[in-house]
Amino acid sequence: GRAVRSRMKIAVVGCGAMGSVYAGLFAAAGHEIWAIDRWREHVDAMRTHGLRLEGASGDRTVRVHATTEAKDAGVCDLVILATKAMQVAAGAQASRSLIGPETVVLSIQNGLGGPDTAASVLGRERVMVGVVGGFGASIKAPGHAHHNGMELVRLGELEGPVSPRLQKVAELWQGAGFRVKCFDDIAQLVWEKLICNCAYSGPCALTDHTIGEVMNDPDLARVSAGCATEAYQVALKKKIKLGFDDPVAYVRDFGSKIPHARPSVLLDLMAKRKSEIEVINGSIPRVGKEDGVAAPVHDTLTALMIEKERRMGC
């Protein structure tokens with residue numbers, strides 16, 4: 001057989017906090033990395049000083065190719081779409097120039113719909129799905145990212161079981177120091193994560209509370225439980241396989257492990273950025289409607305959050 005090329009050319013499209021963790025560790029493993037982001041100061045800092053990544057994986061500064069224009073990179077072996085959910089369509093359009101006959105695209109977003117949006121632009125046969133949590137990544141300054149954890153990268157094909165090409169991508173991540181697992185049914189993972197996100201994103205962001213504070217307040221705990229239950233009912237109606245049958249106990253168990261955490265939706269509001277509320281809590285009424293399942297708690301929370309963002313000028 002032909003020799004396996006160990007050095008890969010990888011583009012990270014949307015090189016924010018999480019994207020910088022991916023870029024930093026892949027670059028440290030010796031791959032050719034193209035960090036593509038619209039934030040010019042961040043790109044300039046990476047060009048001038050390299051990308052510094054510190055935290056759970058150590059402290060290193062690595063050289064990467066950084067640019068605001070995807071077309072500078074040329075064709076890549078792997079494209080990691082790490083944009084926020086609302087930027088997936090634009091990120092996928094910009095990525096067209098990165099795609100050759102053998103290129104695979106790994107779409108990693110919060111909430112629902114990111115990989116499907118990417119697939120509608122780049123082709124379903126090309127797209128894989130990543131479900132990532134527990135890294136606690138943040139940007140400290142342009143060109144400088146930090147992460148608190150190294151939990152788990154879960155990978156699956158957009159459709160169908162684990163494939164040889166998915167296993168190759170998993171080995172690439174493992175070689176860069178990530179913990180990785182491949183799954184035949186990625187929809188189950190997306191929904192299990194989404195149900196937890198729904199239970200805490202809206203309630204925490206609306207009230208400026210941590211996950212533990214929402215859990216310990218009897219009124220907010222009721223709202224959180226309502227979110228978990230509605231999301232669970234929509235998932236069941238969509239015939240999504242889930243690994244539990246008590247959604248309230250499931251999300252409380254999840255929350256009890258990270259009581260001091262603030263969901264990304266709240267962190268975005270605190271930074272005066274537009275949040276992903278519409279693909280997290282807002283996705284449940286939208287998807288539920290397709291199957292005739294109402295989600296009034298999510299509807300109300302999402303409307304209140306959108307008003308809060310408007311008021312804050314996000």
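Colleague: What makes strand 9 (residues 137-141) and strand 10 a pair, and do they run parallel or antiparallel?

Modeller: They are joined by 4 bridges and run antiparallel; two strands pair if DSSP finds at least two bridges between them, so the requirement is met. Strands (E, at least two residues) and helices (H or I, at least four residues) are DSSP runs, numbered from the N terminus. Please keep in mind that this is a predicted model, in which local features need pLDDT of at least 70 and side-chain atom pairs count only at pLDDT 80 or more, while totals for chains, interfaces and linings use all residues. Residues are numbered from 1 along each chain as its sequence is written, and side-chain values use heavy atoms, with hydrogens and water left out.

Colleague: Which residue stands opposite serine 138, and how many residues lie between strand 9 and strand 10?

Modeller: Serine 138 faces histidine 146 of strand 10. The two strands form a hairpin with 2 residues between them, and glycine 143 in that turn has a positive phi of about 80 degrees. Strand 10 is also joined by 4 bridges to strand 3 (residues 51-55), and these two run parallel, with alanine 145 as the bridge partner of leucine 53.

Colleague: Which residues of strand 10 point one way and which the other?

Modeller: His144 and His146 point one way, whereas Ala145 and His147 point the other way. In a regular strand the side chains alternate between the two faces of the sheet. These four residues of strand 10 are all buried, a word that stands for under 20% relative accessible area, with exposed meaning over 50% and partly exposed in between (1.4 Å probe, protein chains only).

Colleague: Why is no bond counted between cysteine 198 and cysteine 227?

Modeller: A disulfide is a pair of cysteine sulfur atoms within 2.5 Å, and the sulfur of cysteine 198 is 6.7 Å from its closest cysteine sulfur, in cysteine 227, which is too far for a bond. For cysteine 314 the closest cysteine sulfur, in cysteine 204, is 16 Å away, again too far. The search of the whole structure accordingly finds 0 disulfides.

Colleague: Is cysteine 198 buried or exposed, and why is cysteine 314 called partly exposed?

Modeller: Cysteine 198 has 0% relative accessibility and counts as buried. Cysteine 314, at 30%, falls between the two limits and therefore counts as partly exposed.

Colleague: What makes aspartate 217 the cap of helix 8?

Modeller: A side-chain oxygen of aspartate 217 lies 2.9 Å from the backbone nitrogen of aspartate 219, at the N-terminal end of helix 8. A polar contact is a pair of N or O atoms within 3.5 Å, where within protein one must be able to donate a hydrogen and the other to accept it, and residues adjacent in sequence count only if both atoms are side-chain atoms; the 2.9 Å distance is therefore inside the limit. Aspartate 217 itself sits in the loop between helix 7 (211-216) and helix 8 (218-237) and, at 26% relative accessibility, counts as partly exposed.

Colleague: How do you know that the span of helix 8 agrees with its 20 residues?

Modeller: The expected span is 1.5 Å times one less than the number of residues, so the 20 residues of helix 8 should span 28 Å, and the end C-alpha atoms are 29 Å apart, which agrees. Just after this helix, lysine 239 takes a positive phi of about 60 degrees.
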